[in-house]
Amino acid sequence: MNKEQTYYLLSKYLSPANIKIDEPMKEHTSFRIGGPADIFVTPTTLKEVCDVHALCKENDIPLFVMGNGTDLLVLDGGIRGVVMQIFRNWAHVDINGTVVTAKSGVLLSGLCKKLAKAGLGGMEFAAGIPGTLGGALFMNAGAYGGEMKDVVHSVCIIDENGRNRWLDINEIHYGYRSSIFRDHNYIILEARLQLEYRDPDTCLNTIEALNAKRRARQPLEYPSAGSVFKRPSGCYVGPMIEQAGLKGMRVGDAQISEKHAGFIINLGNATAKDVLELIDIVKQRIQDIFGIELELEIQVVGEPGKLK
């Protein structure tokens with residue numbers, strides 16, 4: 001099925017304003033890198049999300065679901081099929097005592113500040129993570145000693161068969177930057193979070209202190225996808241890359257950050273090919289020197305090829 005046919009089918013369920021053809025993915029990722037998505041949709045209701053999922057399943061159209069693209073490297077050939085973004089139109093938050101129900105499209109930064117002001121603590125660690133709740137749930141995001149598994153009670157999904165159901169924390173199988181979501185094509189809709197009462201000023205001060213650390217240590221002034229590699233047991237990636245003499249190394253406009261070697265930044269016109277070349281160099285050098293095989297923390301999606 002070609003793009004025009006897919007567009008026509010989707011237009012039965014979505015407003016034309018929420019369907020785009022050949023949409024540049026660099027406009028939707030924090031790396032500012034990536035070729036075009038064949039079709040890019042932004043549903044606003046549960047019915048629309050379910051309709052897009054069902055249509056793609058019935059017609060064997062590849063479907064990729066994303067938030068605001070902070071941990072993605074989209075390849076230069078773009079993404080075939082349909083990309084469904086669950087973000088700005090999917091961000092409602094409901095607070096009931098210490099239990100919070102939040103849609104997956106809400107930004108972590110806004111969610112954490114909202115909870116802090118309400119006197120709910122436990123998610124201060126996530127306030128500086130530049131992603132959506134859905135992305136954080138997907139990868140068990142964490143920082144400064146906290147992880148999403150510490151606050152998640154349950155997660156509502158659409159499973160591969162189109163069923164809308166809740167998974168409790170024991171069914172999600174959270175590990176270090178891993179979960180059941182990495183192995184299944186589930187669509188994360190919302191989550192129930194269990195927090196605790198804390199002094200609002202204390203929560204807000206903690207958030208500001210952690211964000212100040214992040215600004216001082218990370219190259220937030222450049223486009224990137226955050227930490228490129230998972231942290232191996234017992235060591236840190238940034239210092240290893242620095243010891244390997246790779247800090248500041250550049251391929252095209254992709255560079256290993258001089259501020260934090262665990263980040264690869266886009267100096268302006270980097271391509272996914274540039275980034276992947278740097279990743280390969282780092283992995284090989286770390287393997288040669290330290291005998292450690294680095295694993296990617298970021299997601300690499302799409303197809304190789306020239307930018308269109």
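Me: How many bridges join β11 and strand β13 (residues 187-194), and is the pairing parallel or antiparallel?
Reply: This is a predicted model, so local features need pLDDT of at least 70 and side-chain atom pairs count only at pLDDT 80 or more, while totals for chains, interfaces and linings use all residues. Residues are numbered from 1 along each chain as its sequence is written, and side-chain values use heavy atoms, with hydrogens and water left out. Strands here are DSSP runs of E with at least two residues, helices are runs of H or I with at least four, both numbered from the N terminus, and two strands pair if DSSP finds at least two bridges between them. For β11 and β13 there are six bridges, and the sense is antiparallel.

Me: Which residue of β13 is the bridge partner of Val152?
Reply: β11 covers residues 152-158, and Val152 bridges across to β13. The partner there is Leu193.

Me: How many of the seven residues of β11 are buried?
Reply: Buried means under 20% relative accessible area, exposed means over 50%, and partly exposed is in between (1.4 Å probe, protein chains only). By that yardstick β11 is mostly covered, and the buried count is six.

Me: Which residue in the hairpin of β11 and β12 takes a positive phi?
Reply: β11 pairs with strand β12 (residues 164-168) in the antiparallel sense over five bridges, and Ile158 has Asn164 as its bridge partner. The hairpin has five residues between the strands. The one with a positive phi, near 85°, is Gly162.

Me: Asp159 forms a salt bridge with Arg163; which other arginine does the Asp159 side chain meet in a salt bridge?
Reply: Side chains of opposite charge can pair when their charged atoms come close. The cut-off here is a side-chain nitrogen of Lys or Arg within 4 Å of a carboxyl oxygen of Asp or Glu. Asp159 and Arg163 have their closest N and O atoms 2.8 Å apart. The other bridge of Asp159, at 2.9 Å from N to O, is with Arg165.

Me: Is Asp159 buried or exposed?
Reply: Its partners first: Arg163 is partly exposed at 48%, and so is Arg165 at 26%. Asp159 has a relative accessibility of 2%, so it counts as buried.

Me: How far apart in sequence are the parts tied together by Arg198 and Glu124?
Reply: These two side chains meet in a salt bridge of 3.1 Å, N to O. Arg198 is in the loop between β14 (196-197) and α6 (200-217), and Glu124 is in the loop between β8 (120-121) and α4 (133-139). Arg198 is partly exposed at 36%, whereas Glu124 is buried at 9%. The pair therefore links parts whose separation in sequence is 74 residues.

Me: What does the salt bridge count come to?
Reply: Some of these contacts join up: Glu147, Lys149, Asp150, Arg177 and Glu297 are linked in a network. The count of salt bridges comes to 19.

Me: What is the strand order in the open sheet of four strands?
Reply: The pairing in this sheet is mixed. β1 (19-24) and β3 (63-66) are the edge strands, each pairing on one side only. The order is β1-β2-β5-β3.

Me: Over how many bridges does β2 pair with β5?
Reply: On one side β2 (residues 36-41) is antiparallel to β1 over five bridges, with Ile19 opposite Val41. Towards β5 (residues 79-85), Val41 stands opposite Met84, and Ala37 has Ile79 as its bridge partner. That pairing is parallel, and its number of bridges is four.

Me: Why is β2 largely enclosed by the rest of the structure?
Reply: Helix α1 (residues 3-10) packs on the sheet and touches β1, β2 and β5, with contact meaning heavy atoms within 4.5 Å. Helix α2 (residues 46-58) also packs on the sheet, touching β2, β3 and β5. β2 counts as largely enclosed because its buried residues number six of six.

Me: Which element supplies the largest share of the lining of the largest cavity?
Reply: The lining includes Cys112, Met123, Glu124 and Ile207. Both α3 (108-117) and β8 supply at least two of the lining residues. The largest share, three residues, comes from α3.

Terms used: Axes are lines fitted to C-alpha atoms, for helices over the stretch in contact, and angles run from 0 to 180 degrees between N-to-C directions. On a 1 Å grid over the protein atoms alone, a cavity is a set of points where a 1.4 Å probe fits but cannot get out, and a pocket is an open set with protein on both sides within 12 Å along at least five of seven lines; lining residues have an atom within 4 Å of a point.
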